Amino acid sequence: MTDENEIKKQTLKALLAADLSEVKWTKSEFSGGSPNDCLEVTRVEGLGWVLRHSILKEHLIPLTDSEYVAYIKGVDARQPGLTPDI
């Protein structure tokens with residue numbers, strides 16, 4: 001594994017190990033009225049982002065800043081496979 005990949009791996013592990021008990025989770029304003037039907041995100045300063053579902057809160061998805069930005073740009077551009085055909 002390259003040094004860059006090892007650094008990224010350590011960052012992702014640090015995100016999963018971070019104390020998230022006091023963080024503010026944010027969901028899209030387009031999630032609708034149900035508090036149990038949304039994707040939530042939080043920023044961990046200096047490390048990146050963590051995603052979770054509002055029901056399966058223990059299942060976390062860590063993303064570096066560059067990964068999160070790339071994903072958001074893909075959604076914003078309506079990249080096939082990232083967004084529904086609406």
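These legends describe close-up views of a predicted model.

**View 1. An aromatic pair joins strand E3 and helix H2.** One aromatic pair turns up in a search of the whole structure. Its members are Trp49 and Tyr68, with ring centres 4.3 Å apart and planes at 20°. Planes under 30 degrees apart count as stacked, so this pair is stacked. The pair links distant parts of the chain. Trp49 sits in strand E3 and Tyr68 in helix H2, 19 residues apart. Trp49 is partly exposed, at 21% relative accessible area. Tyr68 has 15% and is buried.

**View 2. Tyr68 and its surroundings in helix H2.** Which residues touch Tyr68, leaving aside neighbours within four places in sequence? They are Val41, Trp49, Leu51 and Leu63. Trp49 is also the partner of Tyr68 in the stacked pair. Tyr68 counts as buried because its relative accessible area of 15% falls under the 20% cut-off. Glu6 lies 62 residues from Tyr68 along the chain. The C-alpha atoms of Tyr68 and Glu6 are separated by 18 Å.

**View 3. Arg52 of strand E3 makes a polar contact with Glu40.** Strand E3 covers residues 48-53 and includes Arg52. Is Arg52 buried or exposed? Its relative accessibility is 14%, so Arg52 counts as buried. The side chains of Arg52 and Glu40 meet in a polar contact of 2.5 Å. Glu40 is also one of the residues that Arg52 touches, not counting residues up to four places away in sequence. The others are Trp25, Cys38, Leu39, Lys57, His59 and Leu60.

**View 4. A nonpolar surface patch includes Ile72.** Four side chains are the subject here: Tyr71, Ile72, Val75 and Leu82. Together they make a nonpolar surface patch of about 290 Å². Ile72 belongs to helix H2, residues 65-76. Tyr68 lies in helix H2 too. How do Ile72 and Tyr68 differ in exposure? Ile72 is partly exposed, with a relative accessible area of 38%, whereas Tyr68 is buried at 15%. Patch residues need over 30% relative accessible area, so Ile72 passes that cut-off at 38%.

Methods. Residues are numbered from 1 along each chain as its sequence is written. This is a predicted model: local features need pLDDT of at least 70, side-chain atom pairs count only at pLDDT 80 or more; totals for chains, interfaces and linings use all residues. Side-chain values use heavy atoms; hydrogens and water are left out. Patches are made of residues with over 30% relative accessible area and no salt bridge: like charges are joined within 9 Å, nonpolar side chains (Val, Leu, Ile, Met, Phe, Trp, Tyr) within 5 Å. Accessible areas come from the Shrake-Rupley method with a 1.4 Å probe; for residues, only the protein chains shown count as cover. Helices (H or I, at least four residues) and strands (E, at least two) are DSSP runs, numbered from the N terminus. Buried means under 20% relative accessible area, exposed over 50%, partly exposed in between (1.4 Å probe, protein chains only). A polar contact is a pair of N or O atoms within 3.5 Å; within protein, one must be able to donate a hydrogen and the other to accept it, and residues adjacent in sequence count only if both atoms are side-chain atoms. Contact means heavy atoms within 4.5 Å. Rings of Phe, Tyr and Trp (its six-membered ring) pair if their centres lie within 6.5 Å; planes under 30 degrees apart count as stacked, over 60 as edge-to-face and the rest as tilted.
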